Amino acid sequence: MIDIHSHILPFVDDGAADWAAALAMAQDAHQDGITAVIATPHHANGVYLNPASRINELVPELQERLQEAGIPVQVLAGQEIRVYGDLLADLERGELLTLAGTRYILLEMPSSRVPRNMEETCHELVIQGLIPVIAHPERNSEVADDPRKLEKLIDLGAVGQVTAQSLAGVFGSKLQKLSLDLCRRNLVHVIASDAHDSGHRPFGLSEAYRVVEKELGSATFDFFQQNSRNIVENGELIRAIYNGSRNLRQRMFGIFSRRG
Ligand code: FE
């Protein structure tokens with residue numbers, strides 16, 4: 001499996017605290033069946049500033065240490081970029097990183113709202129040939145109240161990344177239900193861990209995929225797995241797995257099974 005969102009890089013944010021913690025996380029990733037992770041430190045979220053140069057310096061060092069330790073996990077450079085006023089200017093200045101050097105760029109919204117400039121930012125990035133990947137939209141309260149706010153961004157060309165632990169039910173059944181609902185609405189296209197440590201916020205991708213296969217079927221399982229690969233290979237993402245009628249059938253089945 002491939003993980004496109006993780007905080008495995010040490011010393012830069014609220015993820016791995018030091019090299020030992022980063023190595024322990026990589027070992028966990030390996031045990032979970034993950035072969036490649038994109039390190040996506042927080043950038044410009046009001047607490048952490050991690051420009052491209054800092055990340056590009058640390059990623060090869062982590063890779064070297066993993067090789068020395070015999071942990072067969074590839075680490076790629078990325079960034080989790082909070083949507084902020086100077087985002088486009090900083091992109092031009094070379095301070096921002098896309099995911100593994102591809103056209104996919106990981107964007108984070110505050111958890112309480114969809115920023116006013118979100119649509120404009122997505123639109124501008126798409127014009128420049130980039131594809132915004134919206135990090136964990138299921139944890140944004142405006143999206144939770146009205147998924148059409150996410151739908152607007154997807155219609156502009158963005159894609160959605162749901163967090164593995166949300167799908168697995170670790171954050172509660174309400175968030176799990178919302179995550180599955182966003183999948184059925186074709187509003188999320190990739191699953192990632194957003195791992196921060198080996199304890200409370202681990203990789204846990206295999207568990208999320210197990211839930212996906214059980215709740216949404218093997219075609220959806222393949223869809224998500226393929227899309228993670230497509231991102232690191234800079235390929236085209238599959239945008240929709242559910243068509244209208246299937247979606248409706250599933251929803252109706254949901255209603256019947258709740259009644260039953
Ligand atoms: Fe994150």
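Here are some worked exercises on the strands, helices and cores of this predicted model.

Residues are numbered from 1 along each chain as its sequence is written. Because the model is predicted, local features need pLDDT of at least 70 and side-chain atom pairs count only at pLDDT 80 or more, while totals for chains, interfaces and linings use all residues; side-chain values use heavy atoms, with hydrogens and water left out.

**Exercise 1. The sheet**

Work out in what order the six strands of the open sheet sit, and which strands stand at the edges.

Step 1. Strands here are DSSP runs (E, at least two residues) and helices are too (H or I, at least four), numbered from the N terminus. Two strands pair if DSSP finds at least two bridges between them.

Step 2. Reading across the sheet, you get β3-β5-β6-β7-β8-β9, with parallel pairing.

Step 3. The edges are β3 (42-43) and β9 (190-192); each has a single partner strand, so one side of each lacks a neighbour in the sheet.

**Exercise 2. Strand β7**

Find the partners of β7 and decide whether its residues are buried or exposed.

Step 1. On one side, β7 (residues 131-135) is joined to β8 (residues 159-163) by three bridges. Here V133 has V159 as its bridge partner.

Step 2. β6 pairs with β7 through four bridges, again in the parallel sense. Look for I105 opposite P132.

Step 3. Now burial: buried means under 20% relative accessible area, exposed over 50%, and partly exposed in between (1.4 Å probe, protein chains only). Five of the five β7 residues are buried, so the strand is largely enclosed by the rest of the structure.

Step 4. Check the two faces: I131, V133 and A135 are buried on one, P132 and I134 on the other.

**Exercise 3. Helices on the sheet and on each other**

Describe how α4 and α10 lie on the strands, then which residues make the contact of α8 with α9.

Step 1. Axes are lines fitted to C-alpha atoms, for helices over the stretch in contact, and angles run from 0 to 180 degrees between N-to-C directions. α4 (residues 118-127) lies across β6 (104-108) and β7, at about 140 degrees to β7.

Step 2. α10 (residues 218-232) packs on the sheet as well, touching β6 and β9 and making about 80 degrees with β9.

Step 3. Over to α8 (residues 173-184) and α9 (residues 205-216): their axes come within 12 Å and cross at roughly 65 degrees.

Step 4. Contact means heavy atoms within 4.5 Å. α8 brings Q176, L180, C183 and R184, and α9 brings V211, E215 and L216.

**Exercise 4. The cores**

Say which residues of the largest nonpolar core touch the most other members.

Step 1. A nonpolar core is a set of buried Ala, Val, Leu, Ile, Met, Phe, Trp, Tyr and Cys residues joined through side-chain atoms within 4.5 Å.

Step 2. The largest one has 65 residues, and L107, M118 and I191 touch the most other members. Helix α2 (residues 52-69) gives the most to this core, with six residues.

Step 3. A second, separate core has 16 residues, including A36, Y104, A135 and V159.

Step 4. Zoom in on I191: beyond four places in sequence, its contacts include V162, L167, Y209 and F224.

**Exercise 5. Positive phi**

Find where A44 and N186 sit and what their phi values are.

Step 1. A44 is in the loop between β3 and α2, with phi near 65 degrees. A44 is buried at 16% relative accessible area.

Step 2. N186 is in the loop between α8 and β9, with phi near 60 degrees. N186 is buried too, at 14%.
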